[in-house]
Number of protein chains: 2
Amino acid sequence: MTALGIRPEEALAAVDTAAPVLARTAPVIRASWLRAIADALDTARDDLVELAAAETHLTAQRLQGELRRTSFQARLLAERLATGALHDVRIDHADPAWPMGARPDIRRTQLPIGPVLVFGAGNFPFAFGVLGGDTVSALAAGCPVLVKAHPGHPRLCRRLAELTARVLVAVDAPAGAFGLIEDIDAGARAVQDRRVKAVAFTGSTRGGRALFDLAAARPDPVPFYGELGSTNPVIVSPEGWRTRASTIAEGFAASVTLGAGQFCTKPGVVLVPYADDFLAHLPPLPTAPMLEARIVAQYVDATTEMAGRARLAAGELPGRQPTPVLFRATVADLRRDPDLLDLEMFGPAALIVDYDELDELRAVVDALPGQLTGTVQGGDEPTETETDLLRRLAGRVGRVLWNDWPTGVTVSDAQHHGGPYPATTAPLSTSVGTASVARFLRPVAFQNVPTTALPTELRDPSTENGPAEGNPA
Amino acid sequence: MTALGIRPEEALAAVDTAAPVLARTAPVIRASWLRAIADALDTARDDLVELAAAETHLTAQRLQGELRRTSFQARLLAERLATGALHDVRIDHADPAWPMGARPDIRRTQLPIGPVLVFGAGNFPFAFGVLGGDTVSALAAGCPVLVKAHPGHPRLCRRLAELTARVLVAVDAPAGAFGLIEDIDAGARAVQDRRVKAVAFTGSTRGGRALFDLAAARPDPVPFYGELGSTNPVIVSPEGWRTRASTIAEGFAASVTLGAGQFCTKPGVVLVPYADDFLAHLPPLPTAPMLEARIVAQYVDATTEMAGRARLAAGELPGRQPTPVLFRATVADLRRDPDLLDLEMFGPAALIVDYDELDELRAVVDALPGQLTGTVQGGDEPTETETDLLRRLAGRVGRVLWNDWPTGVTVSDAQHHGGPYPATTAPLSTSVGTASVARFLRPVAFQNVPTTALPTELRDPSTENGPAEGNPA
């Protein structure tokens with residue numbers, strides 16, 4: 001059963017039926033839905049935050065901020081939708097003198113890919129939840145959405161699904177524009193269902209890879225946008241340490257423990273020139289409750305595995321309490337055990353890597369598995385070597401930072417939250433920012449098609465004779 | 001061994017080494033390489049066409065046109081590269097008042113994805129060959145290219161590879177920017193090699209799917225841009241037939257036999273209101289040699305299979321000679337055997353489907369497997385039903401046509417040559433037109449990175465203080 005009282009099969013049939021109806025809605029209409037969703041989130045804020053805090057153990061302050069971000073991103077997409085910025089329209093008028101031979105009139109826009117299945121994340125009950133970035137970017141694109149509820153906050157998922165259904169009815173959106181399924185097997189089956197045309201996932205590498213494999217093995221494979229694991233390496237340069245030691249130590253301590261370290265952008269590997277000095281500068285790292293017992297157990301497993309491959313440096317191995325812990329290794333250790341850089345410890349833990357010369361890190365960076373982020377903490381301006389490291393990081397990660405921390409991902413037009421595998425399964429896509437809508441839009445070219453049958457955005461301004469309310473193709 | 005005298009392992013090592021060097025070249029420099037390639041193609045035209053004609057049995061006239069198209073597309077990409085149009089640069093300056101919380105400076109550009117493996121097509125020895133759209137779009141993006149030679153024209157592949165190598169040396173491109181491998185097993189192994197970061201393929205659904213599966217099963221899956229099969233349905237409306245019967249019949253005859261029907265955009269299914277009348281209007285369909293014995297054998301197999309599922313309508317079943325042949329079925333037959341619409345006969349053959357009412361075709365269109373193209377042949381202006389069919393086609397295909405034929409794919413900014421599976425394995429991408437470069441570009445965001453360490457295109461015009469020759473990140 002879904003939260004809305006219908007079975008997975010009915011939910012799939014509903015999004016399938018809704019897809020062509022949704023595809024015909026004008027972008028400005030969908031923008032109004034997104035604004036209504038944002039308003040409803042803001043109105044229900046106190047109730048939602050209370051429920052989320054009870055289910056996730058995240059602080060009310062953190063959840064307030066996340067909810068503000070979530071309604072903001074719906075409004076930002078609404079704004080960009082209304083201006084037509086998301087469709088990358090291209091018009092080539094007929095050209096008899098086109099050098100490769102006479103060219104017909106060709107016009108390209110982007111149409112919704114069809115029903116999108118969303119697997120939200122446990123650590124972001126709002127921003128990557130039932131009404132998070134995946135859902136609102138799919139709705140912005142004109143795709144019906146089926147969300148698989150997260151087992152870590154099932155009551156919040158239901159509450160958000162009910163809110164969504166209520167809002168969509170109020171704005172007169174097609175029935176079937178949104179559905180929720182709760183059963184894990186139903187989720188796996190839906191990944192393989194021919195009516196689902198794209199999948200968005202945020203979570204563990206293991207779980208995401210299993211679902212990616214199902215999507216790729218379909219008779220008709222579909223795009224699988226999985227945001228999986230990342231250790232987000234941070235390089236502290238000698239110049240950075242000399243000039244900004246306290247700032248760096250405090251910044252790291254705050255970033256690695258933010259939200260009990262339960263961020264995909266948590267700095268999990270820090271390469272420092274003087275590890276003893278770095279460790280001595282760190283303020284005490286606070287212990288905070290984690291999302292759920294399953295996450296604590298995985299944290300214990302990951303840190304135990306790290307303890308077998310690196311030395312304990314600060315704190316102690318977590319047991320019942322998810323205490324912060326730091327490990328130590330050297331660049332020579334990384335050469336011996338390169339997978340150390342790929343060992344994500346989801347929680348307040350990091351690996352501190354001692355290096356002798358900044359030059360050694362070129363090879364380390366070049367050997368990195370795909371990452372969401374990579375950071376250099378330096379002095380005032382990048383030196384030549386630091387610039388080279390930033391450049392090399394850009395070849396391995398989705399976001400490069402200088403003198404900043406990777407946690408706290410802003411939502412904007414230029415944001416890119418992605419990266420090569422295993423950071424994601426789709427390295428050209430982002431799950432944050434306005435470019436996230438492109439995941440659910442499929443380019444279509446129209447050749448020699450008369451104005452009346454063209455999507456509104458493809459009509460010549462001079463021949464604009466169509467109604468403003470719809471998009472006929 | 002490769003055509004350049006090196007083994008696959010060495011070729012892979014070479015593109016891997018070249019990747020970071022290529023990534024640092026300025027777009028204007030790569031534009032100059034593409035122009036040099038285009039010039040070399042034009043200069044060698046007569047020799048190349050003669051060799052291609054000998055190996056493929058395509059006419060010299062057709063090959064001349066294809067070669068003109070090939071050099072044109074290299075020049076068009078060069079032009080767009082030089083203007084910066086391909087990188088979709090986005091700059092968000094820091095904004096302390098950003099509603100979700102203070103925003104750092106974030107700038108996004110696109111960087112080359114890394115070494116690209118290209119499997120060219122047998123039917124387009126130039127446009128989808130060693131120096132075809134996949135190769136030049138990857139080079140435009142800044143990616144080294146490894147081409148798997150096509151067994152149908154091995155000597156032409158070598159000749160083109162030698163030409164490429166010579167040009168790249170002359171323009172001082174990095175060694176390893178281009179390589180050729182010839183062995184089919186080496187190709188399959190390269191798909192699975194961690195140094196290959198994307199694969200582009202044009203060919204059969206069976207072969208493409210097998211390679212797609214290998215790419216998806218990698219420990220680190222990479223994008224696989226496969227352009228596979230399509231039957232390119234054409235709907236002739238009653239109004240179209242009433243007003244343009246001869247034009248439609250002649251247009252179809254020319255399109256279905258163009259290049260002996262060896263086009264992925266060949267109209268393989270035609271839905272007509274009066275099949276007897278349609279068949280009576282057709283001019284004689286010419287027989288022409290096909291590419292190679294293997295293609296003839298596959299053509300015989302496909303038409304034999306169709307003969308078991310539909311009635312012969314014109315011509316006879318091909319034997320030693322690849323004669324044109326048309327089959328007949330009704331909309332009722334399609335309901336009984338929906339896969340008929342998916343049975344591609346690569347060669348001069350098509351299925352003519354009799355329908356009674358245009359309305360019947362809505363369900364036929366909605367049930368189509370993904371297609372490269374879909375066409376309506378109507379009267380002067382689309383009626384309401386025709387407009388609805390064009391709209392429904394847009395939901396199933398990559399390019400929608402009105403009163404035109406799908407063969408002959410122009411190269412331009414608005415072109416889209418793609419579609420849902422099985423038309424392609426990557427429905428958001430195109431293998432023709434300037435947007436084809438995007439397949440090989442990966443977005444990267446830079447947060448709080450000082451100007452001197454930013455890629456040139458991300459620097460503020462007012463602070464432009466970097467050298468024009470390079471792209472430091």
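Me: In this predicted model, copies are superposed by least squares on the C-alpha atoms of residues with pLDDT of at least 70 in both. What makes the relation between chain A and chain B that of a two-fold rotation axis?

Reply: Chain A can be laid on chain B with an RMSD of 0.0 Å, and the operation that does this is a turn of 180° with a shift of 0.0 Å along the axis. The two copies are therefore related as by a two-fold rotation axis. Of the residues of chain A, the one whose C-alpha comes closest to that axis is A:Ala216, at 3.3 Å.

Me: How do you know that the copies meet through the same surface?

Reply: Of the interface residues of chain A, 100% are also interface residues in chain B, and so the surface through which the copies meet is the same.

Me: Why is A:Pro144 called buried?

Reply: A residue counts as buried when its relative accessible area is under 20%, and A:Pro144, at 1% relative accessibility, therefore counts as buried. A:Pro144 lies in the loop between α5 (133-141) and β4 (145-148) of chain A, and its contacts beyond four places in sequence include A:Val15, A:Leu22, A:Val116 and A:Ala177.

Me: Why are α2(A) and α6(A) called oblique to each other?

Reply: The axes of helix α2 (residues 27-43) and helix α6 (residues 154-170) of chain A come within 10 Å and cross at roughly 135°. Angles over 145 degrees would count as roughly antiparallel and those of 65 to 115 as roughly perpendicular, so α2(A) and α6(A) are oblique to each other. The contact is made by residues including A:Trp33 and A:Ile37 of α2(A) and A:Leu160 and A:Val167 of α6(A), and the contact residues divide into nine nonpolar, no polar and no charged.

Definitions and conventions. Residues are numbered from 1 along each chain as its sequence is written. Chains are lettered from A and ligands numbered from 1 in the order in which they are written. This is a predicted model: local features need pLDDT of at least 70, side-chain atom pairs count only at pLDDT 80 or more; totals for chains, interfaces and linings use all residues. Side-chain values use heavy atoms; hydrogens and water are left out. Contact means heavy atoms within 4.5 Å. Helices (H or I, at least four residues) and strands (E, at least two) are DSSP runs, numbered from the N terminus. Buried means under 20% relative accessible area, exposed over 50%, partly exposed in between (1.4 Å probe, protein chains only). Axes are lines fitted to C-alpha atoms, for helices over the stretch in contact, and angles run from 0 to 180 degrees between N-to-C directions. Angles under 35 degrees count as roughly parallel, over 145 as roughly antiparallel, 65 to 115 as roughly perpendicular and the rest as oblique. Ala, Val, Leu, Ile, Met, Phe, Trp, Tyr, Cys and Pro count as nonpolar, Asp, Glu, Lys and Arg as charged, and the others, Gly among them, as polar.
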